[in-house]
Amino acid sequence: EELNQLEAATLLQPSRSLPAAPSEQVGPLGAPHVTTHQFGYVVASGMVHNPTDYPARGTLEVSIVGSAGVIDTRGFGMTIAPGRTERYDVTFTNVFPTERLGAQARWVP
């Protein structure tokens, strides 16, 4: 009878579930700023924010984009402390723009 009571009591307890994923994710804050130089290089600069309570390790992929699409992409590993914002500057060489360039960035965990 005691075993039946214990079994019934465990069935009545709410089941434990994993905590919900945070609604905010690690990622770039807006599009990178692009600076072009006449000597064949372009610099994309921006910020990556980690709003979580845990260190984030991943790869930041930054692409230079023209009217025909992606010109070049660079990826590099980063570790961002909890609640911190880190700056990045990515230099692309051998880019001689004939038009205004843009950039995009994405965080890959």
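## Strand pairing around β3

Two strands are taken to pair if DSSP finds at least two bridges between them. In this predicted model, H33 stands opposite S45 in β3. That position belongs to the pairing of strand β2 (residues 33-37) with β3, which is antiparallel and extends over five bridges. Three residues lie between the two strands of this hairpin, and G40 takes a positive phi near 90 degrees there.

Strand β3 has further partners. Strand β1 (residues 27-28) pairs with β3 in the antiparallel sense over two bridges, and P28 has V48 of β3 as its bridge partner. Strand β6 (residues 85-93) also runs antiparallel to β3, with nine bridges joining them. In that pairing, Y41 stands opposite T93 in β6.

## The three-stranded sheet

Strands β5, β4 and β7 form an open sheet of three strands in the order β5-β4-β7, with antiparallel pairing. Because β5 and β7 each have a single partner strand, they stand at the edges, and one side of each is left without a neighbour in the sheet. From one strand to the next, the twist averages 20 degrees.

Within this sheet, seven bridges join β4 to β7, and the two strands run antiparallel. One of the bridge pairs consists of E61 and its partner R106 in β7. Strands of a sheet pair through backbone hydrogen bonds, either parallel or antiparallel.

## Salt bridges

The count of salt bridges comes to three. E61 and R106 are one such pair, with their closest N and O atoms 3.0 Å apart. This salt bridge links distant parts of the chain, since E61 is in strand β4 and R106 is in strand β7 (residues 102-108), 45 residues apart. E61 and R106 are thus bridge partners in the strand pairing and also partners in a salt bridge. E61 counts as partly exposed because its relative accessibility is 26%.

A salt bridge also joins the side chains of D72 and R74, at 3.2 Å from N to O. Both residues are partly exposed: D72 has a relative accessibility of 22%, and R74 has a relative accessible area of 29%. D89 and R87 form another salt bridge, in which the closest N and O atoms are 2.9 Å apart. Here D89 is partly exposed, with a relative accessible area of 45%, whereas R87 is exposed, with a relative accessible area of 55%. Side chains of opposite charge can pair when their charged atoms come close.

## The nonpolar core

The largest nonpolar core contains 18 residues, of which V42, V48, L60, V62, I64, F92 and W107 touch the most other members. At least two residues of this core come from each of β3, β4, β5 (69-80), β6 and β7. The greatest contribution is that of β4, which gives four residues.

V62 is among the core residues that touch the most other members. Apart from its neighbours within four places in sequence, V62 is in contact with A44, D72, T73, R74, Y88, V90, F92, Q104 and A105. The contacts of V62 therefore include both D72 and R74, the two residues that meet in a salt bridge. V48, another of the residues named for the core, is the bridge partner of P28.

## Buried polar residues

S63 lies in strand β4. With a relative accessible area of 7%, S63 is buried, because the limit for that class is under 20%. Its side chain is joined to that of T73 by a polar contact of 2.7 Å. Leaving aside neighbours within four places in sequence, the contacts of S63 are V70, D72, T73, F92, G102, A103 and Q104. Among these contacts is F92, which is also listed for the nonpolar core.

T52 is placed in the loop between β3 (41-49) and β4 (56-66). T52 also counts as buried, at 17% relative accessibility. Its side chain reaches the backbone oxygen of Y54 at 3.0 Å.

Technical notes
Residues numbered from 1 in each chain as written. Predicted model: local features only at pLDDT ≥ 70, side-chain atom pairs only at ≥ 80, totals over all residues. Heavy atoms only, no water. Buried < 20%, exposed > 50% of the residue type's maximum accessible area, 1.4 Å probe, protein only. Polar contact = N/O pair within 3.5 Å; in protein donor to acceptor, adjacent residues only side chain to side chain. Contact = heavy atoms within 4.5 Å. Salt bridge = Lys/Arg side-chain N within 4 Å of Asp/Glu carboxyl O. Core = buried A, V, L, I, M, F, W, Y, C linked by side-chain atoms within 4.5 Å. Axes fitted to C-alpha atoms, helices over the stretch in contact; angles between N-to-C directions.
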